[in-house]
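Hi,

Here is the structure I said I would pass on. Have a look at it first, and then read my notes below.

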Amino acid sequence: MFAPIWTLPSAKLLAGRHDRIMLSLMQDAPLLVSGILDHARRWHGNQEVVGHALEGGLHRQSYRATAARSCQLAHALTDLGAQIGTRIGIIAWNTHRHLELWYGVSGIGAVAHDINPRLSSQQLAYIIGHAHDEFLFVDITFAPLVAALRPQCPSVKHVVVMTDAAHQPEDLPGALIYEDLIAGQPETYDWPQLDERSANALCYTSGTTGNPKGVLYSHRSNVLHALGVSAKDGGNIGARDVILPAAPMFHANGWGIPYAALAHGAKLVFTGRHIDGPTLHSLIMEEGVTLALGVPTIALALLEEAERKGDVWPGLERFIIAGSAAPLSMIEAFDKRGVEVVHCWGMTETSPIGTSSAETARSAQGSHAERIAARVKQGRPVFGVDLKITASDGTVLPHDGQSIGALKVRGPWVLKQYFGAEGPAVDTDGWFDTGDIACIDEDGFMQITDRAKDLIKSGGEWISSVDLENMVCGYDKISQAAVIGVPHPKWDERPVVIAVANPETQVSQEEVLDFLKDKVAKLWLPDTVIFTDALPLGATGKVQKSDLRAQYADLLQSAAS
């Protein structure tokens, strides 16, 4: 049996063993993101990138123009002092300029650092400082946010607003203007032949426990991931596809779609700032979208808009749902409209594709109910990813569909060590503990059954119950607090606070929420604060959150939105 590719000896070790190892006579070239852009320009130059511009209207440009503008940006960055390894922060929606940044920044060997604007201001300042971003590219809608953050970000030397001079925001006087910056620059660039293992992109987790953690991707990992997510049993992406990624590019490496689309010549359709049902529906109808991607809440909004309009999507074939579990009713609703739901699982640390619910020859022969049951699961690993589940003592559990354990993953696009961390994030055999609890059946279909450490997943984003508890307890009228995830009909889960007030103190839900609103992202704000005389404690003095979850399981089931 061949050893897994991540355990093979290095080329240096093999060099002295020619008596035992025959080297290949094949050509060799580094796997670089600039190679994807060059391929798109040469062989799919007329393909389109289209999307809502923040200045208004639809913007269209070819891949040939995208490549030219990416080269202009590369020259501009070099003129401003960007070098190999320079971190360049990006706070932006999915637009043509954002796409140009991914390729222009990576092409010169710098690192494109996508930043999630939905995080709290404290987390944003921490991320920019931890990454030591020297540039900050921002959309006009985020100008007020960046103006408030700028004093907390001493590493940032240049702020560039991604617009033209006519739309320069007043909030950032003196900032550079994107269109002025690239104007007049050469439309070609002699891309350096970098080591394919050099960094090209950086994303931070949502800060599930403590501060957010950085995941530093390489050219090699992103190129391989683009091939994996494009495979037939992944996203099944080809040159005839029209792809609408409703997943923001700042969410989990853009799900790899900005790389995969250009690698295969698929048309890209961007939503701009409006990721809602009406916008998605109109783009699908007008642009002939064949593949859309998003979290369940986005998929639900699209279904509701189509129901209101009474329309049938003429070209939509597949909808990839990830971020959190897609309910059976949602899969069936898409089926009725002739759209296949492809259920995927992954995380920022896995670039993110890990598994896909594409059918096997055996599962396709099952009854309709059996096939749907398999598609509700998170799916089988794509080539390049390996999974296992283990018991608490590390014992590997069988793939029998019943055994439940810690889900662990490894592969060439899986995290080895967090950016800036002192030690590895994997064990001695290269396995990364995802923090999820899962089971795997005999056909290889994996299903997430629970979540470790009481994390809450709402709308595809993780929320830390521990961090919320600490913040609630920082209010002087609260003595104890527990935060639990309660099932919600739209958001999968929402945080609920169970609090004990200080003796002889009057406190309301509104007071607690008002205390929190400036300390956490809007997504993290609890739906409800419930006051109680005491929290249930176990034998070791820990709060029994399982009891609280059972007690309040139906609390939000009737919530409208």
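What follows is a quick tour of what turned up. One thing to keep in mind throughout: this is a predicted model.

Let's start with the helix pairs. Helix H8 (residues 219–230) packs against helix H9 (residues 257–264) at an angle of about 75°, and their axes are 8 Å apart. That angle falls in the 65 to 115 range, so H8 and H9 are roughly perpendicular to each other. On the H8 side the contact is made by Asn222, Ala226, Leu227, Val229 and Ser230, and H9 brings in Tyr259, Ala260 and His264. Sorted by class, the contact has five nonpolar residues, three polar ones and no charged ones.

H9 deserves a second look, as it is mostly covered, with seven of its eight residues buried. Those buried residues are Ile257, Pro258, Tyr259, Ala260, Ala261, Leu262 and Ala263. Right after H9 comes Gly265, with a positive phi near 80°. On the other side, the loop between strand S10 (242–245) and H9 holds Ala252. Phi of Ala252 is also positive, near 50°, and this residue is not a glycine. Ala252 has a relative accessible area of 9%, so it counts as buried.

The other pair is helix H2 (residues 33–43) with helix H3 (residues 63–79), packed at an angle of about 140° with the axes 8 Å apart. That makes H2 oblique to H3, and their crossing is left-handed. Leu37, Ala40 and Arg41 of H2 meet Tyr63, Arg64, Ala67 and Ser70 of H3. Here the classes come out as four nonpolar, one polar and two charged residues.

Now for the inside. In soluble globular proteins, nonpolar side chains tend to be buried together. In this model the largest nonpolar core has 137 residues, and Phe137 and Phe334 are the ones with the most contacts inside it. H3 gives the most to this core, with seven residues. What does Phe334 touch, leaving aside neighbours within four places in sequence? Its contacts are Ala299, Leu302, Leu303, Trp313, Phe319, Val339 and Val341. There is also a second, separate core of 18 residues, with Ile456, Val497, Ala499 and Val512 among them.

Two buried residues caught my eye. Lys545 sits in helix H16 (residues 545–551), and at 9% relative accessibility it counts as buried because the cut-off is under 20%. Not counting residues up to four places away in sequence, Lys545 touches Asp454, Ser465, Glu469, Val483 and Ile484.

His113, in strand S4 (residues 111–114), is buried too, with a relative accessible area of 0%. The C-alpha atoms of His113 and Leu202 are separated by 4.6 Å, although the two are 89 residues apart along the chain. Leu202 is one of the residues that His113 touches, and others include Ile88, Ile127, Asp133 and Tyr204.

Finally, some backbone details. The peptide bond from Ser351 to Pro352 is cis, with omega near 10°; Pro352 is in the loop between strand S14 (340–346) and strand S15 (353–356). His132 is not a glycine, yet it has a positive phi of about 55°. You'll find His132 in the loop between helix H5 (121–131) and strand S5 (135–138). Is His132 buried or exposed? It is partly exposed, at a relative accessible area of 40%.

Cheers

Conventions:
Residues numbered from 1 in each chain as written. Predicted model: local features only at pLDDT ≥ 70, side-chain atom pairs only at ≥ 80, totals over all residues. Heavy atoms only, no water. Axes fitted to C-alpha atoms, helices over the stretch in contact; angles between N-to-C directions. Helix = DSSP H or I, 4+ residues; strand = E, 2+ residues; numbered from the N terminus. Parallel < 35°, antiparallel > 145°, perpendicular 65-115°, else oblique. Contact = heavy atoms within 4.5 Å. Nonpolar A, V, L, I, M, F, W, Y, C, P; charged D, E, K, R; others polar. Buried < 20%, exposed > 50% of the residue type's maximum accessible area, 1.4 Å probe, protein only. Left-handed = near helix turned anticlockwise from the far one by under 90°. Core = buried A, V, L, I, M, F, W, Y, C linked by side-chain atoms within 4.5 Å.
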